[in-house]
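This report covers a surface feature, a buried site, and then the overall fold and core of the chain shown below.

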Amino acid sequence: MSMHKFLRDWSLPIAMIGGAVAYMIYTALPLAEGTKDFVSSAVSVVQPALIFAMLFVTFCKVRLHELRLSRWHSKLLLFQLLSFIILSLSIALFRSMPSAVKVLVEAAMLCLLSPTATAAAVITAKLGGNSASLISYTILINIAVAVVAPVFLAFSHPVEGLSLASSFLLIMGKVFPLLLLPLLCASVVRRFLPALHRLLVTKWRNLPFYLWLVALSLAIAMTSRAIAHSNLSLLVMAGIALVSFVCCVLQFAIGRRVGAPCGDVIAAGQSLGQKNTVFAIWFAYTFLTPVTAIAGGFYSVWHNLVNTWQLYKSRAK
């Protein structure tokens, strides 16, 4: 078995276990206390940079004029955005809700809002689905999240000491460039740097996969940190795991059902069910209660188990 095939087959457990072990080793070292501020600052830059790079390389493979909109795109967009808006407003209106309940609501928000994973196109192709349709939805949901999330986060999670407008601009400044600039940069590279573009889509076509491994390990390390510094009970932790599981199964089912009339069962299911969990963990750690980042970690396990089962069924046929 080649090293590349081994990493592909076991990428999820390697990345997740590696991230958790790296955090434990770091905290056990005597130099950890003196470097915490530096490491936190470095992670706050590296994590979004990795998300940006993964989206950029993925979008380099896309020609915008080849993308087509489908009826199921609007339905899935409406489901994701409305569910996020309703849950976000419930936090804004019921600020006195118990902290444990708020964490579970935030976990659901996170699992429902997160954009489609950059690796979803690969799984869709292996299952015999329409990858172009899925990539179209990936672009749409990234744009939608960049626009909608800052508006409602400013209501439900205002930044302390800032006005509503200032909170909105601060959140927009972090989310909007991360999700939309990769698309613009990919278009510029395709138009003005064709040699670099060819490298990205041919010789470096597996680069998003390796970036994803690094980003997922880092995200799990930050999730481990959130768990270690959390005062939540094991019952609440189990609740987060259950919420992420229900959201995962529900979204795969809704996606497949909505896509069926258009003949896009696989693409629609993957578009809604397979999430960019690295983005989810970063988003939770940056804007929500930090411990809700573990919802992204759990979701990563659930959607990969669902896809493992789907690939098994596909090979059996």
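A nonpolar patch lies on the surface of this predicted model. Its members are Ile-17, Val-21, Met-24, Ile-25, Leu-29 and Leu-31, and together they have about 540 Å² of accessible area. One of them, Val-21, sits in helix H2, which spans residues 11-28. The relative accessibility of Val-21 is 33%, so this residue counts as partly exposed, since that class lies between the 20% limit for buried and the 50% limit for exposed.

Ser-133 belongs to helix H7, which covers residues 131-156. Is Ser-133 buried or exposed? Its relative accessibility is 6%, and Ser-133 therefore counts as buried, the cut-off being under 20%. When residues up to four places away in sequence are set aside, Ser-133 touches Ser-70, Trp-72, His-73 and Asp-264.

The two residues are set side by side here.

| Residue | Helix | Relative accessibility | Class |
|---|---|---|---|
| Val-21 | H2 (residues 11-28) | 33% | partly exposed |
| Ser-133 | H7 (residues 131-156) | 6% | buried |

Turning to the fold, the chain contains 14 helices and zero strands. Its radius of gyration is 19 Å, close to the 20 Å that the globule rule gives for 317 residues, so the chain is as compact as a globular protein of that length. Along the principal axes, the C-alpha atoms fill a box of roughly 45 × 45 × 45 Å.

Contacts within the chain can be sorted by separation in sequence. Of those with a separation of 6 or more, 82% are between residues 24 or more positions apart.

How much of the chain is buried? Buried residues account for 49% of the 317 residues. The area that the chain exposes is about 15,400 Å², and 71% of this comes from carbon and sulfur atoms.

In the interior, the largest nonpolar core comprises 86 residues. Ile-51, Phe-84, Leu-153, Phe-279 and Phe-283 have the most contacts inside this core. Which helix gives the most to the core? H7 does, with twelve residues. H7 is also the helix in which Ser-133 is found.

Phe-84 gives a view of the packing around one of these core residues. Apart from its neighbours within four places in sequence, Phe-84 is in contact with Met-109, Leu-113, Val-148, Ala-149, Phe-152 and Leu-153. Leu-153, one of these partners, is itself listed with Phe-84 among the residues with the most contacts inside the core.

Technical notes:
Residues are numbered from 1 along each chain as its sequence is written. This is a predicted model: local features need pLDDT of at least 70, side-chain atom pairs count only at pLDDT 80 or more; totals for chains, interfaces and linings use all residues. Side-chain values use heavy atoms; hydrogens and water are left out. Patches are made of residues with over 30% relative accessible area and no salt bridge: like charges are joined within 9 Å, nonpolar side chains (Val, Leu, Ile, Met, Phe, Trp, Tyr) within 5 Å. Accessible areas come from the Shrake-Rupley method with a 1.4 Å probe; for residues, only the protein chains shown count as cover. A salt bridge is a side-chain nitrogen of Lys or Arg within 4 Å of a carboxyl oxygen of Asp or Glu. Helices (H or I, at least four residues) and strands (E, at least two) are DSSP runs, numbered from the N terminus. Buried means under 20% relative accessible area, exposed over 50%, partly exposed in between (1.4 Å probe, protein chains only). Contact means heavy atoms within 4.5 Å. The radius of gyration is taken over C-alpha atoms; the globule rule is 2.2 Å times the number of residues to the power 0.38. A nonpolar core is a set of buried Ala, Val, Leu, Ile, Met, Phe, Trp, Tyr and Cys residues joined through side-chain atoms within 4.5 Å.
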